[in-house]
Amino acid sequence: MATTVRDYIEKAKRVQSQIGNEIDDIARTYEDKILDLNREEQIFKKGIDIDGQLLGKYRNNLRGNTRGYPKEAGDPFNFFDTGALFSGFNLLSEGNKNKITIENTDSKAKLLATKYGEFVGLTEENKRKLNYEIIYPELMKFIKTYL
């Protein structure tokens, strides 16, 4: 079946009108991967805030039998104690505004941010990963399906 320019324009308009919904779908599909950019890569592994600055270092050796231990003097903070802080991360997607936000509902999150700096959210490097390694490839698949 021959496709006219008008047909192509109509398809493009339909795709454009669905971009926000598709971004929401992608965010839901990859929610854990997106949240792990913040909680695992930034906080747990590197101990950095959203500006890439070190949150702090442990002064003493701390022993424990759970994830995140041992904590050796001089190691970056990983903020992992009971796991409550890490399970308090949530993803909010507003595809119609092309906006994805990370929040934390744990009661200690605001106190920790006041003391150590804002750590709920992505560094510029992880924003690029989100946009170009997660969202962009999936969005291109969606667009190519219809155009």
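In the predicted model, Leu-91 stands opposite Ile-102, a residue of strand β2. A second pair follows the same scheme of partners, with Leu-92 bridged to Thr-101 in β2. Both pairs belong to the pairing of strand β1, which spans residues 89-94, with strand β2, which spans residues 99-104. The two strands run in the antiparallel sense and are joined over six bridges. Together, β1 and β2 form a hairpin in which four residues lie between the strands. Within the turn, Asn-98 has a positive phi of about 50°.

The confidence of the prediction was examined along the protein chain. The mean pLDDT of the chain is 94, and 99% of its residues reach 70 or more. Among the elements, helix α2 (residues 31-46) has the highest mean pLDDT, at 98. The lowest mean value, 93, belongs to helix α1 (residues 5-29). Where pLDDT is low, predicted coordinates should not be read in detail.

Residue Ile-102 of the hairpin also takes part in contacts with the loop between α4 and α5. Leu-122 is located in this loop and touches Ile-102. Beyond its neighbours within four places in sequence, Leu-122 is also in contact with Ile-34, Leu-37, Asn-38, Gln-42, Ile-50, Lys-127 and Leu-130. The relative accessible area of Leu-122 is 10%, and the residue is therefore classed as buried, the limit being under 20%. The C-alpha atom of Leu-122 is separated by 15 Å from that of Ile-135, which is 13 residues away along the chain.

Thr-123 likewise lies in the loop between α4 (109-116) and α5. With a relative accessibility of 7%, Thr-123 counts as buried. When neighbours within four places in sequence are left aside, the contacts of Thr-123 are Gln-42, Ile-48, Asp-49, Ile-50 and Gly-52. Gln-42 and Ile-50 thus appear in the contact lists of both Leu-122 and Thr-123.

A further buried position is found in helix α1, where Gly-20 is placed. The relative accessible area of Gly-20 is 13%, so this residue falls under the 20% limit for buried residues. Apart from residues up to four places away in sequence, Gly-20 touches Gly-95 and Asn-96. Gly-20 and Asn-38 are 18 residues apart along the chain, and their C-alpha atoms are separated by 23 Å.

Charged side chains were considered next. A search of the whole structure finds eleven salt bridges. One of them joins Lys-13 and Glu-10, with a distance of 4.0 Å from N to O. Both residues lie in helix α1, three residues apart, which corresponds to about one turn of the helix. Lys-13 is partly exposed, having a relative accessible area of 48%, and Glu-10 is partly exposed as well, at 39%.

A comparable spacing in sequence occurs in helix α5 (residues 124-146), where Lys-141 and Glu-138 are three residues apart and so separated by about one helical turn. These two residues form a salt bridge in which the closest N and O atoms are 3.1 Å apart. Glu-138 has a relative accessibility of 19% and counts as buried, because buried means under 20%.

In another salt bridge, Arg-63 is paired with Glu-72, and the closest N and O atoms are 2.8 Å apart. Arg-63 is exposed, since its relative accessible area of 55% is over the 50% limit. Glu-72, by contrast, counts as partly exposed at 28%. Salt bridges also link three residues, Asp-32, Asp-36 and Arg-39, in a network.

On the surface, a nonpolar patch is formed by Tyr-8, Tyr-146 and Leu-147. The accessible area of these residues together is about 320 Å². Leu-147 is found in the segment after α5. With a relative accessible area of 38%, Leu-147 is partly exposed.

Technical notes
Residues numbered from 1 in each chain as written. Predicted model: local features only at pLDDT ≥ 70, side-chain atom pairs only at ≥ 80, totals over all residues. Heavy atoms only, no water. Pairing = 2+ DSSP bridges. pLDDT = per-residue confidence, 0-100. Buried < 20%, exposed > 50% of the residue type's maximum accessible area, 1.4 Å probe, protein only. Contact = heavy atoms within 4.5 Å. Patch = residues over 30% accessible without salt bridge, like charges linked within 9 Å, V, L, I, M, F, W, Y side chains within 5 Å. Areas by Shrake-Rupley, 256 points an atom, 1.4 Å probe, with all protein chains shown as cover.
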